[in-house]
Amino acid sequence: MEKKEYLDLYKKMYLIRRFEESCGENYSKGFIRGFLHLYIGEEAIAAGSIAPLREDDFIVTHYRDHGHAIARGLETGPLMAELFGKKTGVSGGKGGSMHLFDASKNFMGGHAIVGAQIPLAAGFALASQYQNKDNITVVYFGDGATNQGTFHETMNLASVWKLPILFFLENNFYGMGTSVERIRTNGKSFGNLAESYSIPSTVVDGMDVLAVKEVVEETIKKIRSGSGPAFIEATTFRFQGHSMADPAKYRAEKELDEWKKKDPLIIFYNHLIREGIATETDIEKISKSTEKELDEAVKFAKESPEPDLDDIKNDIYA
């Protein structure tokens, strides 16, 4: 990797972190309403796994979707405007935090229903296969989605049809609707699930952006060559509660402190400085440009108009 590639990875991660923190601030101020699920602590996964993808590859993800959208290159102004419910948002202000879309970038949305995105992703992969294209689909989901029928049904079909799809599990150890015993297996049970459908599986440290990037690069080469689906589990941890409405009192303070020692931003920052890849000045430039970008994004969101009432009516009665 060249120096620019390293700095681009750090910039993506830092931008995701600061975007999420800004979202939290604006939620508290009442500018963002409804549910808000932050990606703080999991930035290395989105940045590391999306960097190796091509523009024609499809991305489908879950409701904790801000990080993936930013890593894919969606502009922060329209993203923030969507969270503010404004007309200039990426989904016209009608989707909100959990439904970010940009078909021009093959970013096929965040999806609020646990596991609902998985069969949709299979459809994109099937379309690529049918058209004899070598682009792939990556579908992200949490550990809770493995408890849904859609997960098993899609894994089965993907295996039988040898679909060009990467199933990417973000295991933050607190899945919705999944037993604690299953989550605590640290990959063994999930890997066995994939392999039970004859889909090769890999476990990677989701707090290490370079490790994530390397594993994804190797995996997608195999998928493009026609080997069929693959499964990656990235072990990670969200530093916030499930959503802004969740105080996360069920997690021990000691557990959170231990995971914060593995903060992906701090780990990667230390690596860049220690190895002489980047200087403090390089990092400071990224910090300043990011703060400026986010200030402009919030300003854009605040000044943008509300969706037209007629448009909303048309959507309801369409």
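Colleague: Which strands does helix α6 (residues 149-161) lie across in this predicted model?

Modeller: Helix α6 lies across β3 (137-142), β4 (165-171) and β6, and runs at about 150° to β4. Angles over 145 degrees count as roughly antiparallel, so α6 is roughly antiparallel to β4.

Colleague: And what does helix α9 (residues 209-227) touch?

Modeller: Helix α9 packs on the sheet, where β4, β5 and β6 are touched. Its direction makes about 155° with that of β4, again over 145, and therefore roughly antiparallel.

Colleague: What is the strand order of the sheet?

Modeller: The order is β2-β1-β3-β4-β6-β5, six strands in an open sheet with parallel pairing. On average, neighbouring strands are turned by 15° against each other, direction ignored.

Colleague: What makes β2 and β5 the edge strands?

Modeller: Each of them, β2 (107-111) and β5 (201-205), pairs on one side only. For β5 that partner is β6 (residues 230-235), joined by five bridges and running parallel. Two bridges are enough to call strands paired, so five satisfy the criterion. D205 stands opposite T235 in β6.

Colleague: How many bridges link β3 and β4?

Modeller: Six, in the parallel sense, with Y140 opposite F168 in β4.

Colleague: How do you know that both faces of β4 are covered?

Modeller: I165, F167, L169 and N171 are buried on one side, and L166, F168 and E170 are buried on the other. That makes seven of seven residues of β4 buried. The pattern fits a simple rule: in a regular strand, side chains alternate between the two faces of the sheet.

Colleague: Why is the α1 and α12 pair called oblique?

Modeller: The axes of α1 (residues 3-28) and α12 (residues 280-303) cross at roughly 40° and come within 9 Å. Roughly parallel needs an angle under 35 degrees, and roughly perpendicular starts at 65, so 40° falls in the remaining class. The two helices are therefore oblique to each other. The crossing of α1 and α12 is right-handed.

Colleague: Which kinds of residue make up the contact of α1 with α12?

Modeller: Nine nonpolar, five polar and seven charged. Among them are L7, Y10, L15 and F19 from α1, and I283, I286, L294 and V298 from α12.

Colleague: Why does R17 count as buried?

Modeller: R17, in helix α1, has 9% relative accessibility, and buried means under 20%, so R17 qualifies. Beyond its neighbours within four places in sequence, R17 is in contact with I40, G41, E43, F239, D263, P264 and L265.

Key. Residues are numbered from 1 along each chain as its sequence is written. This is a predicted model: local features need pLDDT of at least 70, side-chain atom pairs count only at pLDDT 80 or more; totals for chains, interfaces and linings use all residues. Side-chain values use heavy atoms; hydrogens and water are left out. Helices (H or I, at least four residues) and strands (E, at least two) are DSSP runs, numbered from the N terminus. Axes are lines fitted to C-alpha atoms, for helices over the stretch in contact, and angles run from 0 to 180 degrees between N-to-C directions. Contact means heavy atoms within 4.5 Å. Angles under 35 degrees count as roughly parallel, over 145 as roughly antiparallel, 65 to 115 as roughly perpendicular and the rest as oblique. A crossing is left-handed if the near helix is turned anticlockwise from the far one by less than a right angle, and right-handed if clockwise. Ala, Val, Leu, Ile, Met, Phe, Trp, Tyr, Cys and Pro count as nonpolar, Asp, Glu, Lys and Arg as charged, and the others, Gly among them, as polar. Buried means under 20% relative accessible area, exposed over 50%, partly exposed in between (1.4 Å probe, protein chains only).
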